[in-house]
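Open the model in your viewer and keep the selection panel at hand. The stops below go from the whole chain to single side chains.

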Amino acid sequence: MNNRTDHGFLILADVSGFTAFVTTTELEHGSEIIAALLDEVVGHLSPPLEIQEIEGDAVFALGGETSPLPKTRLLEVLEGAFAAFKTRQRAMQDVETCYCGACQQIGTLDLKMVVHHGPFLRHTVGGRSRVTGTAVILVHRLLKNGLDRKGGYALLTEPVLRSLGLDAAKAGLPAHTEHYEHLGDIRCFVRDLTPPLSPLGRGQGEGPGVEGPGADGRVLQPQAIA
């Protein structure tokens, strides 16, 4: 058996509103829309993160001990992926001429991210790389949380902040606690990913070529849409 224990970041980027979207719209166009949006997320997470799996409406990514990602850039990478998602979404809306339910409801979708830091076991099943362990279970459970928020956000567990050396109060991250059977109380912190409205009333990062602030205060430049 080819098993080894790794340690690092576990990230799930999940499309909010997916269930309602796919169950109330045309299957063919709905699937194409979700695929295009997830392609943007994948392209901005990897590299430097490793894509472990595409799980329907979510991207499961890892940043293990050998990851080329500097810890200080994690939030910048997440925010870059979110900005790319919103840029592609806005572009698809702007050029859409189809009046089917799926194409007219692109704007109802959003992106949330859940991040944990801890140990996980890498192993091979059926010739494919897999990860398992409590940390893997926890990050998936956190997708179903009690946050009542509109717009994109990142839910970071306490071990993530410790690993990044972040002070929640100084960083302006409100605390949130979830409780799960067998896992107990999980203390988390919430980072808003939706940029504030500009003086012109349009959100930063909502259109191609519009810049938005990164996690370290630098300006993020969303990639141009092909």
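With the whole protein shown as a surface, the exposed area is about 11500 Å², and carbon and sulfur atoms supply 52% of that area. The model is a predicted one. Of the 226 residues in the protein, 47% are buried. Switch to a cartoon to see seven helices and 10 strands. Among contacts with a separation of 6 or more, 71% are between residues 24 or more positions apart.

**Stop 1: helix H5**

Select residues 134-141, which form helix H5. Which residues of this helix are buried? They are Ala-135, Val-136, Leu-138 and Val-139. Turn the view to look down the axis of H5: the buried residues fall within an arc of 165°, so they line one face of the helix.

Next, add the strands against which these buried residues pack. The set consists of E1 (4-16), E3 (58-63), E4 (110-125), E5 (128-132), E7 (175-180) and E8 (184-192).

Now pick out Ala-135 in H5. Ala-135 has a relative accessible area of 6% and is therefore buried. Leaving aside neighbours within four places in sequence, show what Ala-135 contacts: Leu-10, His-116, Gly-118 and Pro-119. For a distance label, choose the C-alpha atoms of Ala-135 and Leu-121, which are 9.4 Å apart in space and 14 residues apart in sequence.

**Stop 2: the loop after H5**

Follow the chain from H5 into the loop that leads to strand E6 (153-157), and select Asn-145 there. Is Asn-145 buried or exposed? Its relative accessibility is 17%, so Asn-145 counts as buried, the cut-off being under 20%.

Display the side chains of Asn-145 and Tyr-153, which are joined by a polar contact of 3.2 Å. Apart from residues up to four places away in sequence, Asn-145 touches Tyr-153, Leu-155, Glu-178 and Tyr-180.

**Stop 3: strand E6**

Tyr-153 takes the tour into E6, so select that strand whole: five of its five residues are buried, and E6 is largely enclosed by the rest of the structure. View the strand with side chains on. Tyr-153, Leu-155 and Thr-157 point one way, while Ala-154 and Leu-156 point the other way.

Which strands pair with E6? E4 pairs with E6 in the parallel sense, over four bridges. To find one of the bridged pairs, select Val-114, whose bridge partner in E6 is Leu-155. E8 runs antiparallel to E6, and five bridges join the two. Here, select Tyr-153, whose bridge partner in E8 is Asp-192.

**Stop 4: Asp-192**

Stay on Asp-192 in strand E8. At 44% relative accessibility, Asp-192 counts as partly exposed, whereas every residue of E6, including the bridge partner Tyr-153, is buried. Apart from residues up to four places away in sequence, Asp-192 touches Arg-149 and Gly-152. Add Pro-174 to the selection: the C-alpha atoms of Asp-192 and Pro-174 are 9.7 Å apart, with their positions 18 residues apart in sequence.

**Stop 5: Ser-163**

Move along the chain to helix H6 (residues 158-164) and select Ser-163. Ser-163 is buried, with a relative accessible area of 17%. Which side chains make polar contacts with the side chain of Ser-163? One is that of Lys-71, at 3.3 Å. Another is that of His-117, at 3.4 Å.

Both residues also appear in the contact list of Ser-163, which, not counting residues up to four places away in sequence, consists of Phe-9, Lys-71 and His-117.

**Stop 6: two cysteines**

Finally, select Cys-103 and Cys-188. Cys-103 is buried, with a relative accessible area of 8%. Cys-188 is also buried, at 0% relative accessibility. How many disulfides does the model contain? With a cut-off of 2.5 Å between cysteine sulfur atoms, the count comes to zero.

Terms used:
Residues are numbered from 1 along each chain as its sequence is written. This is a predicted model: local features need pLDDT of at least 70, side-chain atom pairs count only at pLDDT 80 or more; totals for chains, interfaces and linings use all residues. Side-chain values use heavy atoms; hydrogens and water are left out. Buried means under 20% relative accessible area, exposed over 50%, partly exposed in between (1.4 Å probe, protein chains only). The arc is that of the directions from the helix axis to the C-beta atoms. Contact means heavy atoms within 4.5 Å. A polar contact is a pair of N or O atoms within 3.5 Å; within protein, one must be able to donate a hydrogen and the other to accept it, and residues adjacent in sequence count only if both atoms are side-chain atoms. Accessible areas come from the Shrake-Rupley method with a 1.4 Å probe; for residues, only the protein chains shown count as cover. Two strands pair if DSSP finds at least two bridges between them.
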